[in-house]
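Please open the model in your viewer and keep the sequence panel beside it. The tour below goes from one selection to the next and says what is there.

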Amino acid sequence: MKEFVVTVLGSLVLVCFVAQWIASRTKSQLVASLNPEFQKFQRIFFAPYLLALFSDWLQGPYVYRLYSQYGYAPKEIALLYIVGFAASSTVGTFTGPLADMFGRRRLCLAFCFIYTFCCLTKMSPNFWWLFAGRLFGGVATSILFSTFEAWYVCEHTERNVFPADWISSTFSISTFWNGILAILSGVVADIGADWLNFGPVAPFMTAIPFLIASAVLISLSWPENHGSRQFGLGRSFVEGLRTIYNDHTIMLLGLVQSMFESIMYIFVFLWTPILDSSQSANAWPLGLVFSCFMVCIMIGSSLNTLLLNRNIRPSTILLISVSCSAVSMITCAWSTSIQHRLPILSFLAFLLLEISVGMYFPAIGYLRSQVIPESQRASINNVFRVPLNVITCTVLYCLHRNDDAGGNHAAGGDQNAFLFNVALSLVGFIAAMAFSKRFEEKSKASIDEKNEPLI
């Protein structure tokens, strides 16, 4: 099996470099890359943001193993995971209004310190310290995946007044480098935990210097920007909900995000047991499999740029990525059935899902920048994350509530989870179609209004 995965990985790396080389020669990328001010601005954003992402990736591979080494049962570990998602969907929701009111730069700095505290809690085997770490980790995750983007879009459009089309370039680059950082983080985490025998707590300690470096760069190079400051914290949250309710374009985009990212999070808990359940003497090399996933994300990012160069609209790219995820989940639901159990087919479907993820993030980032009001950007971004956290918590609980003493899932549980993902992908596909139609109508109306002659 290792030879098969190595062959796939080599092929994907070749495709990735070819796609990235072609994408780097596209017109939009060339125009943006020739602007020195825009390049400088991108560097100011990328340096602390990618450091923050790297610190997050470092922790992922060893969370479960750390809890297991501390002697916790699968149900207790599942509870700790659920706490993180629950915190993100409740307390984390208010980080958006806080960022809009008190400053996005300040909240990005707060992320660095909160996540550092979360890493330090991993040094203790005490359940309640780990519980607190997951609680604050959920809040920090909400900041990482909403406030950094809100800061960038505001600086791009309001302070520097760069063309809106260049936002896609930045998000494509960040998605591509996110894949590279994920691969690198797995190697660094393995070196500290296994090769140097520091144990599963090592990646969490390694993440701290990167968080500190990110905080230093933010404090030195990022100016402050705000959203709406005319409302209190609770009122700001309510206003965000009202905006979503009154603007169906925003509502549909939020529905697409919630469905797609729910699939993505649920997949994280499924892929390892699916491949490990093959009962083959030739076990799957999970580290290499993870590398394949990350290379696929990079390929998807390059495909996003190539499609944009072919004048394919971001809303259409979003629809393509959701369609690919639906095909992937339908395939997985069939290949994980008790009658079939085809891990190689599941693996290939996983690769398709990761390619769709690479296309999805640049597209959704650009579309959010176009439809969400600047004054409520961070608030609404966090509201979008509430359904996906609730869905993920529910599925995770259902997967583990019938675990036996050895931590094995009940028969058919993985297939049921994939069938649920199929339903989510179909809802997301319908929402993406409706959003694409509304977004194009609004864009056309806006262009017609600008071209209307003055009397």
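Select Thr 121 and Cys 118 to begin. In this predicted model, the backbone oxygen of Cys 118 lies 2.5 Å from a polar atom of the Thr 121 side chain. Thr 121 belongs to helix H7, which covers residues 104–121. Is Thr 121 buried or exposed? Its relative accessibility is 3%, so Thr 121 counts as buried, the cut-off being under 20%. Now add Trp 129, Leu 130 and Gly 133 to the selection: Thr 121 touches these residues, leaving aside residues up to four places away in sequence.

**The whole chain**

Zoom out and colour by secondary structure. The protein has 18 helices and zero strands. It has 455 residues, of which 55% count as buried. Take the contacts between residues at least 6 apart in sequence: 85% of them join residues at least 24 apart.

**H3 beside H7**

Keep H7 on screen and select H3, residues 36–59. H3 and H7 pack at an angle of about 20°, and their axes are 12 Å apart. An angle under 35 degrees counts as roughly parallel, and H3 and H7 are therefore roughly parallel to each other. The crossing in which H3 passes H7 is left-handed. To see the contact, show the side chains of Ala 52, Ser 55, Asp 56 and Gln 59 on H3, and of Phe 111, Tyr 115 and Cys 119 on H7. By class, the residues of this contact of H3 with H7 are four nonpolar, two polar and one charged.

**H3 beside H11**

Hide H7 and select H11, residues 202–221. How many Å apart are the axes of H3 and H11? They are 8 Å apart, and the two helices pack at an angle of about 160°. Angles over 145 degrees count as roughly antiparallel, so H3 is roughly antiparallel to H11. H3 passes H11 in a left-handed crossing.

Show the side chains that make this contact. On H3 they include Ile 44, Ala 47, Pro 48, Leu 51 and Phe 54. On H11 they include Phe 204, Ala 207, Phe 210, Leu 211 and Leu 217. Ala 52, Ser 55 and Gln 59 of H3 are also among the residues in contact with H11, and these three residues take part in the contact with H7 as well. Counted by class, the contact of H3 with H11 has 15 nonpolar, five polar and no charged residues.

**Ser 185 against H3**

Select Ser 185 next, in helix H10 (residues 166–195). Ser 185 has a relative accessible area of 1% and is buried. Which residues does Ser 185 touch, not counting residues up to four places away in sequence? They are Phe 54, Trp 57 and Leu 58. Draw a distance between the C-alpha atoms of Ser 185 and Trp 57: the separation is 6.0 Å, although these residues are 128 residues apart along the chain.

**Two loop residues**

Follow the chain back from H10 to the loop between helix H9 (147–159) and H10, and select Val 161 there. Val 161 is not a glycine, yet its phi is positive, at about 55°. Its relative accessible area is 59%, so Val 161 is exposed, the cut-off being over 50%.

Then move to Asn 311, in the loop between helix H14 (286–309) and H15. The phi of Asn 311 is near 65°, again a positive value in a residue other than glycine. Asn 311 counts as exposed, at 68% relative accessibility.

**H15 beside H16**

From that loop, select H15 (residues 314–335) together with H16 (residues 343–371). The two helices pack at an angle of about 155°, with axes 8 Å apart. That makes H15 roughly antiparallel to H16. Their crossing is left-handed. The contact of H15 with H16 divides by class into 20 nonpolar, eight polar and no charged residues.

**Last stop: Thr 249**

Select Thr 249, which is found in helix H13 (residues 248–276). At a relative accessible area of 2%, Thr 249 is buried. Show what surrounds it: Thr 249 touches Val 371, Phe 435, Arg 438 and Lys 442, with residues up to four places away in sequence not counted.

Definitions and conventions: Residues are numbered from 1 along each chain as its sequence is written. This is a predicted model: local features need pLDDT of at least 70, side-chain atom pairs count only at pLDDT 80 or more; totals for chains, interfaces and linings use all residues. Side-chain values use heavy atoms; hydrogens and water are left out. Axes are lines fitted to C-alpha atoms, for helices over the stretch in contact, and angles run from 0 to 180 degrees between N-to-C directions. Helices (H or I, at least four residues) and strands (E, at least two) are DSSP runs, numbered from the N terminus. Angles under 35 degrees count as roughly parallel, over 145 as roughly antiparallel, 65 to 115 as roughly perpendicular and the rest as oblique. A crossing is left-handed if the near helix is turned anticlockwise from the far one by less than a right angle, and right-handed if clockwise. Contact means heavy atoms within 4.5 Å. Ala, Val, Leu, Ile, Met, Phe, Trp, Tyr, Cys and Pro count as nonpolar, Asp, Glu, Lys and Arg as charged, and the others, Gly among them, as polar. Buried means under 20% relative accessible area, exposed over 50%, partly exposed in between (1.4 Å probe, protein chains only). A polar contact is a pair of N or O atoms within 3.5 Å; within protein, one must be able to donate a hydrogen and the other to accept it, and residues adjacent in sequence count only if both atoms are side-chain atoms.
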